[in-house]
Amino acid sequence: MLRNPLKNTALRATASRSVLLSSRRAGLAPAYQYLAARFITDRAKTTIDDAISQNDLVVFMKGTPDEPLCGFSRAVIQVLQMHGVDEIAGVNCLQDPEIREGIKEFSDWPTIPQVYVKGEFIGGCDVMVQMHQSGELHELLVKEGILKADTETEEK
């Protein structure tokens, strides 16, 4: 039906709005801006929004928190468990290709897993490991009420 979607005026206008800022940030010339266009479906956006809004902590990952299917997803779950997080909501991106691609566009982050705390995107595996090593992750989890404050921290 639409052999060349960029000739369709409505699609071109939508692509222009959604791509213009990200393509400028990426330093793409105007002729290549449409090549960077991606589209998230309404269903995928709703599913992602619901998961983020209904859970204090959610991980979009390959597999489930009980059975991660990728080393990076496993590392994120292990880091969270090391901090004592018991309730981890996981969305298995391998079950739905729309979610798998849609979450990347939703966050403007190219990789999976992706961690959200209280509706805010935190990052992927590398960010979580860095935050764990620096102590920032524990502080964030306590601040957001995911973990209870340590008695040592309360006395200081």
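This briefing walks through the fold, the cores, two helices and a few unusual backbone spots of the structure above. Please keep in mind that the model is predicted. The chain contains seven helices and four strands, arranged from the N terminus as α-α-β-α-β-α-β-β-α-α-α. Of its 156 residues, 33% are buried. Among contacts with a separation of 6 or more, 55% link residues 24 or more positions apart.

**Strands and their connection**

- Strand 1 and strand 2 (residues 89-92) run parallel and are joined by four bridges.
- If you want one pair to look up, Val 58 has Ala 89 of strand 2 as its bridge partner.
- Together with helix 3, these two strands form a right-handed β-α-β unit.

**The nonpolar cores**

- The largest nonpolar core holds 20 residues, and the members that touch the most others are Leu 57, Val 59 and Leu 80.
- Two or more residues of this core come from each of strand 1 (57-61), helix 3 (71-82), strand 3 (114-117), helix 5 (125-134) and helix 6 (136-143).
- Another core, of 13 residues, lies apart from it, and includes Ile 48, Ile 52, Val 58 and Tyr 116.
- Leu 57 is a handy place to start looking around: beyond its neighbours within four places in sequence, Leu 57 is in contact with Leu 80, Val 85, Ile 88, Ala 89, Tyr 116, Val 117, Leu 141 and Ile 146.

**Helix 3, between the two paired strands**

- Helix 3 has 12 residues, which should span 16 Å at 1.5 Å a residue, and the distance between its end C-alpha atoms agrees at 16 Å.
- Its buried residues are Ser 73, Val 76, Ile 77, Val 79 and Leu 80.
- Viewed down the axis of helix 3, these buried residues lie within an arc of 160°, so they line one face of the helix.
- That buried set packs against strand 1, strand 3, helix 5 and helix 6.
- Gly 71 and Met 82, on the other side of helix 3, are exposed.
- Gly 84, just after helix 3, has a positive phi of about 90°.

**Helix 2 and its two sides**

- Helix 2 is made of 13 residues and reaches 18 Å from first C-alpha to last, close to the 18 Å expected at 1.5 Å a residue.
- Ala 44, Ile 48, Ala 51 and Ile 52 are the buried residues of helix 2.
- They take up an arc of only 95° around the axis, which puts them on the same side of helix 2.
- Their cover includes strand 1, strand 2, helix 4 (97-107) and strand 3.
- The face turned away from the buried side of helix 2 carries Asp 42, Ser 53 and Gln 54, which are exposed.
- Asp 42 belongs to helix 2 (residues 42-54), and its relative accessibility is 65%; it counts as exposed because the cut-off is over 50%.
- Asp 42 also pairs up nicely with Glu 98 as an example of sequence versus space: they are 56 residues apart in sequence and 9.9 Å apart from C-alpha to C-alpha.

**Backbone spots worth a look**

- As background, most residues other than glycine have a negative phi, and most peptide bonds are trans.
- The peptide bond joining Ile 112 and Pro 113 is cis, with omega of about 20°.
- Pro 113 sits in the loop between helix 4 and strand 3.
- Asp 108 is found in the loop between helix 4 and strand 3 too, and its phi is positive, near 60°, in a residue other than glycine.
- With a relative accessible area of 41%, Asp 108 is partly exposed.
- Lys 118 is another residue other than glycine with a positive phi, here near 50°.
- Lys 118 lies in the loop between strand 3 and strand 4 (120-123), and is partly exposed at a relative accessible area of 41%.

Definitions and conventions: Residues numbered from 1 in each chain as written. Predicted model: local features only at pLDDT ≥ 70, side-chain atom pairs only at ≥ 80, totals over all residues. Heavy atoms only, no water. Core = buried A, V, L, I, M, F, W, Y, C linked by side-chain atoms within 4.5 Å. Buried < 20%, exposed > 50% of the residue type's maximum accessible area, 1.4 Å probe, protein only. Contact = heavy atoms within 4.5 Å. Pairing = 2+ DSSP bridges. Right-handed = clockwise from strand over helix to strand, strands pointing away. Expected span 1.5 Å × (residues − 1). Arc of directions from axis to C-beta.
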